[in-house]
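This report covers the domains of one protein chain, the contact between them, the nonpolar cores and a selection of charged pairs. The sequence and structure come first.

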Amino acid sequence: MNIELVKCHGSGNDFIIIDEMEGDISFNEDERSSLAMALCSRTSLLGADGILFVMPSEQSHARMRVFNADGSEASMCGNGLRCVARYASDKLRKSKLIIETMKANLAVEKTEEIFDGIPTFKVEISPVSFNVKDLPLNLSWETLKNERIVELSDTLLFTALAVPNPHLVSIVESDVLKSSVQKDIATLVNGPNDLFPDGVNVSFVHELKKGHIFVRTFERGVGFTNACGTAMSASSLVTCLNGLNETEKEISVYNDGGMVKCMVHQQNGRYQIDLIGNGTYEYRAEIEVNPADFQNFKLVNKEIFEEETSKYAKLQEYAKQFVSEHMK
Ligand SMILES: N[C@H](CCC[C@H](N)C(=O)O)C(=O)O
């Protein structure tokens with residue numbers, strides 16, 4: 001069978017979009033997982049952090065399902081939702097849409113460019129929960145906000161939250177950010193362990209200056225990525241809880257893949273985060289696959305979006321410069 005796909009990225013966190021909206025192709029659960037592992041492998045002809053299946057929806061304009069590179073499905077993907085917002089906005093010729101995700105129907109919209117020539121989208125990140133059961137995190141406490149987890153570190157303070165996928169966030173000094181501590185902790189909590197039975201995305205956050213943070217994430221099911229949208233959103237919220245930033249004010253979030261903006265909203269005791277950033281196409285391709293053996297797929301054709309890619313490189317250069325100037 002032949003599959004047409006679009007390779008896209010949100011802040012360098014890259015995904016393969018497969019469109020099932022016409023109903024001409026669809027996959028069972030095993031196939032979705034196997035396809036993700038086969039096409040996302042960095043040793044394959046493609047390579048990506050995950051797959052985004054764009055599907056019909058009875059309650060929204062489209063539905064997004066996200067599978068990590070290891071074949072596991074996640075309940076949410078912030079950078080991926082901006083890519084789906086771009087794709088669905090182009091396809092349906094609408095600038096405002098609702099996208100059905102596993103736990104919520106989320107508002108997305110095309111918005112003012114975050115940088116010259118960059119297609120930019122604002123997406124809703126919610127629901128947000130601090131209840132450790134919603135990650136899950138096996139602790140006797142109801143929430144974990146700026147506390148130690150002695151099994152992981154004697155010094156670091158952690159906050160656990162679900163947006164709704166699970167995140168463990170720590171605000172750190174630059175020397176800790178540059179050490180192997182994050183990799184060691186993330187490897188532990190994403191292997192067999194009693195704390196996080198389903199694993200967790202682990203983010204280290206460093207304040208660059210007021211209203212400007214740097215976030216690096218070791219993603220569950222992937223490893224270190226250039227950026228993680230739900231993690232940058234969760235981290236922005238944590239910096240508000242810790243008094244570094246304020247709700248209802250734009251926070252610039254820098255990462256290894258570029259820069260996005262977040263705005264944390266709190267209403268009636270509930271949080272919601274706006275994630276604003278690029279939805280950039282890298283290439284369009286057609287592959288020929290044998291459902292009995294997804295690993296050995298053939299590349300039929302590939303068309304690169306040169307202009308988009310080169311424009312995005314300018315944003316990435318600006319972000320890199322800003323970080324190197326402000327990373328104390
Ligand atoms: N690895 C995540 C899913 C992808 C999230 C990330 N790519 C984002 O942009 O939010 C998880 O298993 O919860």
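In this predicted model, the protein chain is divided into domain 1 (2-124 + 278-323) and domain 2 (132-274). Taken over C-alpha atoms, the centres of domain 1 and domain 2 are separated by 23 Å. Domain 1 gives 27 residues to the contact and domain 2 gives 29 residues.

## The domain interface

The size of an interface is often given as the accessible area lost when the parts come together. Between domain 1 and domain 2 the buried area is about 2100 Å², and carbon and sulfur atoms give 58% of that area. On the side of domain 1, the residues that lose the most area to domain 2 are S11, I114 and F322, which together make up 24% of what that side buries.

Which polar interactions cross the interface of domain 1 and domain 2? The rule finds 0 salt bridges there, but it does find 12 residue pairs in polar contact, counting pairs with both residues at pLDDT 80 or more. The elements of domain 1 that give two or more residues to the side touching domain 2 are α2, β8 (120-125) and α6 (306-326). Of these, α6 supplies the largest share of that side, with 7 residues.

## Nonpolar cores

The largest nonpolar core has 51 residues, and the members that touch the most other members are L52, I99 and L161. Helix α2 (residues 78-92) contributes the largest share of this core, 6 residues. The core is not confined to one domain: at least three residues come from each of domain 1 (2-124 + 278-323) and domain 2 (132-274).

Leaving aside residues up to four places away in sequence, L161 touches V128, S129, F130, L135, P166, H167, V169, A234, L237 and V238. A second core of 35 residues is separate from the largest one, and its members include L137, F158, V189 and Y312.

## Surroundings of Q272

Q272 lies in strand β16 (residues 270-278). Is Q272 buried, partly exposed or exposed? Its relative accessible area is 27%, and because the partly exposed class lies between under 20% and over 50%, Q272 is partly exposed.

Not counting residues up to four places away in sequence, Q272 touches E124, I125, S126, M263, V264 and H265. The side chain of Q272 also makes a polar contact of 3.2 Å with the side chain of D274. S233 is 39 residues from Q272 along the chain, and the C-alpha atoms of these two residues are separated by 9.2 Å.

## Salt bridges

Side chains of opposite charge can pair when their charged atoms come close. The structure holds 19 salt bridges. Three of them are listed here, with the distance from N to O.

| Pair | N to O distance |
|---|---|
| D14 and R42 | 2.8 Å |
| K91 and D19 | 2.5 Å |
| R86 and E308 | 2.7 Å |

The salt bridge of D14 with R42 links distant parts of the chain, with D14 in strand β2 (residues 13-19) and R42 in the loop between α1 (29-40) and β3 (50-55), 28 residues apart. D14 has a relative accessibility of 7% and so counts as buried. R42, with a relative accessible area of 52%, is exposed. Both residues also belong to a network of salt bridges that links K7, D14, R42, D49 and E282.

In the salt bridge between K91 and D19, the partners again come from distant parts of the chain: K91 is in helix α2 and D19 is in strand β2, 72 residues apart. K91 is partly exposed, at a relative accessible area of 31%, whereas D19 is buried, at 13%.

What does the salt bridge between R86 and E308 tie together? R86 is in helix α2 and E308 is in helix α6, so this pair ties together parts that are 222 residues apart in sequence. Both R86 and E308 are buried.

Helix α2 recurs across these topics. It gives the largest share of the largest nonpolar core, is one of the elements on the side of domain 1 that touches domain 2, and holds K91 as well as R86.

Technical notes
Residues numbered from 1 in each chain as written. Predicted model: local features only at pLDDT ≥ 70, side-chain atom pairs only at ≥ 80, totals over all residues. Heavy atoms only, no water. Core = buried A, V, L, I, M, F, W, Y, C linked by side-chain atoms within 4.5 Å. Buried < 20%, exposed > 50% of the residue type's maximum accessible area, 1.4 Å probe, protein only. Helix = DSSP H or I, 4+ residues; strand = E, 2+ residues; numbered from the N terminus. Domains from an automatic or database assignment. Contact = heavy atoms within 4.5 Å. Buried area = accessible area lost by both parts, 1.4 Å probe. Salt bridge = Lys/Arg side-chain N within 4 Å of Asp/Glu carboxyl O. Polar contact = N/O pair within 3.5 Å; in protein donor to acceptor, adjacent residues only side chain to side chain.
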